[in-house]
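Hi everyone, thanks for making the time. I'd like to walk you through one structure today, a piece at a time, and you're welcome to follow along on the screen.

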Amino acid sequence: MIILPLLLRKFQRFALAITLFLAFQVAAFAATSLSEIKSNVEILLQGGKASEAWLLLEVNKDSFPEDAEFDYLLGVTALQMNQPELALPAFERAVLLQPGFAGAWVDLAICYYRLGDAKTAKQLLTHVEENFSPPEAIKVELNKAKVMVGQAALLNEWHGEVALLGGHVKNANYGIASTNLQLTSISDGIINVILSPDYKPRSDNALELRAGATKRINHASGAYSDVQLGMRSRQYGTENDQDFIDLAGNWTYVSPLRLMPATDSVISLTARRVMMDGRGLGAFFNIATGLRKYYGRCTVTPNLEFEKRLYEGDGQYDADIPWLGVGVDCNHERYSMAVNYRYGFDQAHGNRPGGNTRRQELMLQTGWQINPSLHLRGTVYYINNQDKEGYSELLEYNAKRYTHRLGERVQLNWLLPYDTKQRLSLQIEFENTDNRSNIAISRFEDTQVFMGLHYKLF
């Protein structure tokens with residue numbers, strides 16, 4: 001019981017001695033002129049004593065309340081201490097007191113860069129280039145900062161992600177529901193044909209890799225461009241002839257309309273290429289233009305599209321599809337909802353079975369941010385296709401084929417709690433598809449379940 005008070009008294013004496021030593025050290029460097037303070041700070045910084053230099057400046061700051069040079073010294077010292085949050089207000093005061101202080105502008109840009117705001121840093125460096133003619137020494141620092149900030153801005157303006165998922169597919173080969181096929185003939189009536197078991201649905205496990213990147217480019221007068229790149233690759237365990245790679249790119253330009261309040265004009269270009277089993281399946285191109293009208297938290301987007309499909313496989317027919325569509329998108333705090341509908345007329349090149357096709361597509365998407373770590377997304381889609389001509393004289397007496405496809409998709413993302421940067425999440429997906437038709441070979445069902453990890457690269 002007696003030892004503890006004795007130790008406390010000794011610790012208090014030791015702390016007092018350290019405090020007095022630091023005070024004497026600061027007093028030794030204390031000066032009344034800025035030139036002396038600057039000289040002492042430079043000596044300390046060169047000796048790797050940034051904390052002592054900061055303490056010296058703190059002791060003397062009341063003597064220089066509105067001095068840009070003194071604030072600049074504070075900022076430089078804070079950066080040497082690797083504390084940009086302390087340097088930021090000092091540099092801001094310096095350029096406010098002396099707007100022509102080019103060196104302070106450059107270091108202010110570096111400060112923003114270290115705080116993770118590369119966009120503001122880049123703007124400040126551009127301001128220095130356009131408005132100052134700094135001496136050669138500062139030009140060197142300016143060029144170094146441009147390279148450093150430019151590299152960071154490139155990554156900060158791009159957002160990238162990658163996902164690796166494994167799952168099970170119920171109908172990996174798109175097998176038809178029945179292998180008992182009835183051929184019809186006006187002269188011979190109905191002929192029953194038993195198809196090979198190869199046409200039956202077969203399930204398989206699959207591994208899927210996805211990667212994507214997006215970037216927004218701001219233009220004058222509030223306009224901007226969004227660039228999107230995406231890749232999806234699936235490898236099956238046994239159904240290797242169904243392996244595919246899907247590559248896509250999109251550019252969208254949005255510009256406010258001066259004559260129509262709360263309205264943007266939108267133009268979009270999309271290119272996509274699909275390869276299956278190591279061979280090219282087709283290339284698809286789309287150009288769309290329309291308006292985006294804002295109503296509070298919602299937008300309404302009527303648009304016109306033109307799609308061109310160029311197939312590479314045998315038995316495939318190129319096609320042109322003009323589309324007329326409209327979309328409604330609403331966001332409210334943790335909830336979002338989007339409805340999109342489009343009507344198209346698929347015009348085939350060549351003598352395609354069924355000829356031209358009328359197409360209708362309806363999609364409903366919802367999102368729910370259950371909590372900061374858990375996000376749920378649901379999609380329901382309906383596709384209706386109607387051929388203009390008979391599909392085949394041997395199927396349903398040459399009836400015009402129609403198909404009704406109904407699909408449901410659910411996706412759950414959970415940010416893993418041990419990832420402090422909140423980049424890694426567990427992703428679970430479920431999708432069910434039911435394709436019905438009056439032609440037996442166009443009927444199929446499929447259910448897919450995938451689970452894996454999703455990571456935000458930058």
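**A walk through the chain**

Let's begin inside a helix: L142 has its place in helix α8, which covers residues 136-157. Is L142 buried or exposed? It counts as buried, because its relative accessibility is 5%. If we set aside residues up to four places away in sequence, L142 touches V106, L125, V128 and E129. You can also look across to I110, which is 32 residues from L142 along the chain, with 9.7 Å separating the two C-alpha atoms. While we're in that part of the sequence, C111 is buried too, since its relative accessibility is 0%.

Now let me step back to the whole chain. Please keep in mind that this is a predicted model. The chain has 458 residues, and 35% of them are buried. In secondary structure, we have eight helices and 16 strands. Taking contacts between residues at least 6 apart in sequence, 55% of them join residues at least 24 apart. As for the surface, the chain exposes about 27,100 Å², and carbon and sulfur atoms supply 59% of that area.

So how confident is the predictor? The average pLDDT for the chain is 86, and 90% of the residues score at least 70. Which elements mark the two ends of the range in mean pLDDT? The lowest is helix α1, residues 3-29, with a mean of 46, while β13 has the highest, at 97. Please be careful at the start of the chain, then: over residues 1-12 the pLDDT stays under 50, and the model gives this stretch zero contacts beyond four places in sequence. Residues 14-31 are also below 50 in pLDDT, although that stretch does have 11 contacts in the model beyond near neighbours in sequence.

Next, the cysteines. How many disulfides does the structure hold? Just one, and it joins C298 to C330, with 2.0 Å from S to S. C298 sits in strand β9 (residues 298-311) and C330 in strand β10 (residues 319-332), so the pair ties together parts that are 32 residues apart in sequence. For those who like their geometry, the angle about the S-S bond is 115°, and the link between C298 and C330 is right-handed. The two partners fall into separate accessibility classes: C298 is partly exposed because its relative accessibility is 23%, whereas C330, with 18%, is buried. The cut-off for buried is under 20%.

Let's move on to the surface. A nonpolar patch there is formed by V326, M337, Y341, Y343, L362, L364, V380, Y382 and L406, which together have about 720 Å² of accessible area. Which strands supply at least two residues each? They are β11 (335-348), β12 (357-371) and β13 (374-390). The largest share, three residues, comes from β11. One patch member to click on is Y343, which lies in strand β11. With a relative accessibility of 36%, Y343 counts as partly exposed.

Now a couple of backbone curiosities. Most residues other than glycine have a negative phi. Y174 goes the other way: its phi is near 55°, a positive value. You'll find Y174 in the loop between β1 (158-169) and β2 (180-185), and it is partly exposed, because its relative accessible area is 48%. D277 is another non-glycine residue with a positive phi, about 55°. D277 is also in a loop, between β7 (263-276) and β8 (279-295). At 30% relative accessibility, D277 counts as partly exposed.

My last stop is S392, in the loop between β13 and β14 (400-415). Its relative accessibility is 22%, so S392 counts as partly exposed. Beyond its neighbours within four places in sequence, which residues is S392 in contact with? The contacts are with Y397 and N398. Further along the chain there is I439, 47 residues from S392 in sequence and 9.5 Å away in space, C-alpha to C-alpha.

That's the tour. If you take one picture home, let it be the single disulfide between C298 and C330, along with the nonpolar patch that draws on β11, β12 and β13. Thanks for listening, and I'm happy to turn back to any part of it.

Definitions and conventions:
Residues are numbered from 1 along each chain as its sequence is written. This is a predicted model: local features need pLDDT of at least 70, side-chain atom pairs count only at pLDDT 80 or more; totals for chains, interfaces and linings use all residues. Side-chain values use heavy atoms; hydrogens and water are left out. Patches are made of residues with over 30% relative accessible area and no salt bridge: like charges are joined within 9 Å, nonpolar side chains (Val, Leu, Ile, Met, Phe, Trp, Tyr) within 5 Å. Accessible areas come from the Shrake-Rupley method with a 1.4 Å probe; for residues, only the protein chains shown count as cover. A salt bridge is a side-chain nitrogen of Lys or Arg within 4 Å of a carboxyl oxygen of Asp or Glu. Helices (H or I, at least four residues) and strands (E, at least two) are DSSP runs, numbered from the N terminus. Buried means under 20% relative accessible area, exposed over 50%, partly exposed in between (1.4 Å probe, protein chains only). pLDDT is the predictor's confidence in each residue, from 0 to 100. Contact means heavy atoms within 4.5 Å. A disulfide is a pair of cysteine sulfur atoms within 2.5 Å.
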